[in-house]
Amino acid sequence: MKVKLQVVAEKQGGVFSREDALRCGYSPAQIRVEIRDGAWLRVCRGQYTAARSDADEPPWVRSTGEHRLATRAVLRSLTGSVVLSHQSAIVEYGLPTWGLDLSRVHVTRRDGVKGRITRKAVQHNAQLPAGIIWCRDGREVVAPERAVLEVACSTGFEPALAIADEALRIGLVTRQGLAFALCDVEHWPRSPAARQVVAFCNGLSESVGESRLRVLMDDHGLPTPVLQAPMLRNGTVFARVDFLFPQFRTVIEFDGLLKYSTDPEVLVREKHREDSIRELGYQVLRLTWHDLSTPDRTIARIQQAFTRAGYPQPR
């Protein structure tokens with residue numbers, strides 16, 4: 001790619017139009033060759049990119065990056081006043097995308113034009129209240145509180161809960177702000193999911209996996225655990241655990257895919273930490289993403305830990 005067009009594309013989030021290429025010195029024939037040979041990829045109508053995804057990136061990182069690129073292209077291709085919304089707003093805020101369909105860019109129209117769905121974009125139509133629009137890197141985006149509730153109503157409770165937990169954890173939203181945003185969606189289809197998210201979200205969950213595990217335990221009637229609970233030895237905090245059931249002297253740790261490095265010293269420290277918790281008389285149970293896909297077996301393992309600690313299973 002010519003340097004001049006590369007500079008233009010970088011300023012536009014990695015995308016450019018045929019007109020951009022012509023202004024940067026490409027002939028129509030050269031443009032056709034770049035597209036034919038696969039050097040330039042069509043992102044959406046009239047918008048192209050020379051960027052390539054890194055095949056070594058985790059799939060969820062790659063799909064998020066591709067969606068962010070698509071938002072730049074779609075915004076440049078649309079006319080009228082639009083605002084990024086739904087999962088596209090979630091991507092813009094850097095929040096978790098587990099469970100979200102990122103195959104299309106979502107925008108909300110502010111100009112009264114009828115919404116429509118195309119191959120690359122979903123155009124919603126809504127009256128956006130004052131103060132509900134934020135600006136991120138020069139792009140208009142619905143406020144994060146509204147984006148969370150849009151996802152709850154369109155995608156469902158569990159993905160929206162993971163987003164709300166993380167947004168609370170990093171201080172992007174507040175409980176009061178989420179509760180206030182409920183007023184705007186209370187008559188939407190599937191709005192009960194939004195109310196459930198606001199009631200159940202907790203900024204102490206530190207990962208999507210922990211959020212999902214909270215849902216699994218609640219669905220199966222387990223008591224509410226203490227999150228990020230401090231463990232004391234001789235009056236000093238030596239560890240914090242993901243989930244603590246103090247009434248059953250049981251600790252549950254959720255091990256995400258990226259939690260541990262290959263450094264043997266890290267593994268040794270974690271082993272000593274776990275041994276210290278057990279020495280205080282607690283059962284320690286480690287769960288992973290795989291355990292989330294076998295809920296009955298996972299709940300049985302938790303209840304068995306309660307029993308090993310000398311307590312009857314909760315009813």
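**A chat about strands and helices**

Trainee: Hi! Which residue in β3 is the bridge partner of S17?

Mentor: Hello! The bridge partner of S17 in β3 is Q47. Keep in mind as we go that this is a predicted model.

Trainee: Got it. How many bridges pair β1 with β3, and is the sense parallel or antiparallel?

Mentor: There are 2 bridges between β1 and β3, which covers residues 47-49, and the pairing is antiparallel.

Trainee: And what is the order of the strands in that open sheet?

Mentor: The order is β1-β3-β2, so to speak from one side to the other, with antiparallel pairing among the 3 strands.

Trainee: Which strands stand at the edges, then?

Mentor: Those are β1 (16-17) and β2 (41-44). Each has a single partner strand, so one side of each has no neighbour in the sheet.

Trainee: Nice. Switching to β12 and β13: do they run parallel or antiparallel?

Mentor: Parallel, and 5 bridges join them. Strand β12 takes in residues 250-254. One pair you can look up is E253, whose bridge partner in β13 is R286.

Trainee: How many residues of β13 are buried?

Mentor: In β13, residues 283-287, 4 of the 5 are buried, which leaves the strand mostly covered.

Trainee: What about helices? At what angle do α8 and α9 pack?

Mentor: Helix α8 (residues 175-185) and helix α9 (residues 191-200) pack at about 170°, and their axes are 10 Å apart. That angle makes α8 roughly antiparallel to α9, because angles over 145 degrees count that way.

Trainee: Which residues make that contact?

Mentor: On the α8 side you'll find R175, L178, A179, L182 and V185. From α9 come S191, A194, R195, V198 and A199.

Trainee: How many of those are nonpolar, polar and charged?

Mentor: The contact of α8 with α9 has 7 nonpolar residues, 1 polar and 2 charged.

Trainee: Let's zoom out. How many helices and strands does the protein chain have?

Mentor: It has 13 helices and 13 strands. The C-alpha trace spans about 80 × 50 × 35 Å along its principal axes.

Trainee: What share of the residues is buried?

Mentor: Buried residues are 45% of the 315 in the protein chain. As for the accessible surface, the total is about 16300 Å², and carbon and sulfur atoms hold 52% of that.

Trainee: Last one: what share of the contacts with a separation of 6 or more joins residues 24 or more positions apart?

Mentor: In the protein chain, that share is 58%.

Note on methods: Residues are numbered from 1 along each chain as its sequence is written. This is a predicted model: local features need pLDDT of at least 70, side-chain atom pairs count only at pLDDT 80 or more; totals for chains, interfaces and linings use all residues. Side-chain values use heavy atoms; hydrogens and water are left out. Axes are lines fitted to C-alpha atoms, for helices over the stretch in contact, and angles run from 0 to 180 degrees between N-to-C directions. Helices (H or I, at least four residues) and strands (E, at least two) are DSSP runs, numbered from the N terminus. Angles under 35 degrees count as roughly parallel, over 145 as roughly antiparallel, 65 to 115 as roughly perpendicular and the rest as oblique. Contact means heavy atoms within 4.5 Å. Ala, Val, Leu, Ile, Met, Phe, Trp, Tyr, Cys and Pro count as nonpolar, Asp, Glu, Lys and Arg as charged, and the others, Gly among them, as polar. Buried means under 20% relative accessible area, exposed over 50%, partly exposed in between (1.4 Å probe, protein chains only). Accessible areas come from the Shrake-Rupley method with a 1.4 Å probe; for residues, only the protein chains shown count as cover. Two strands pair if DSSP finds at least two bridges between them.
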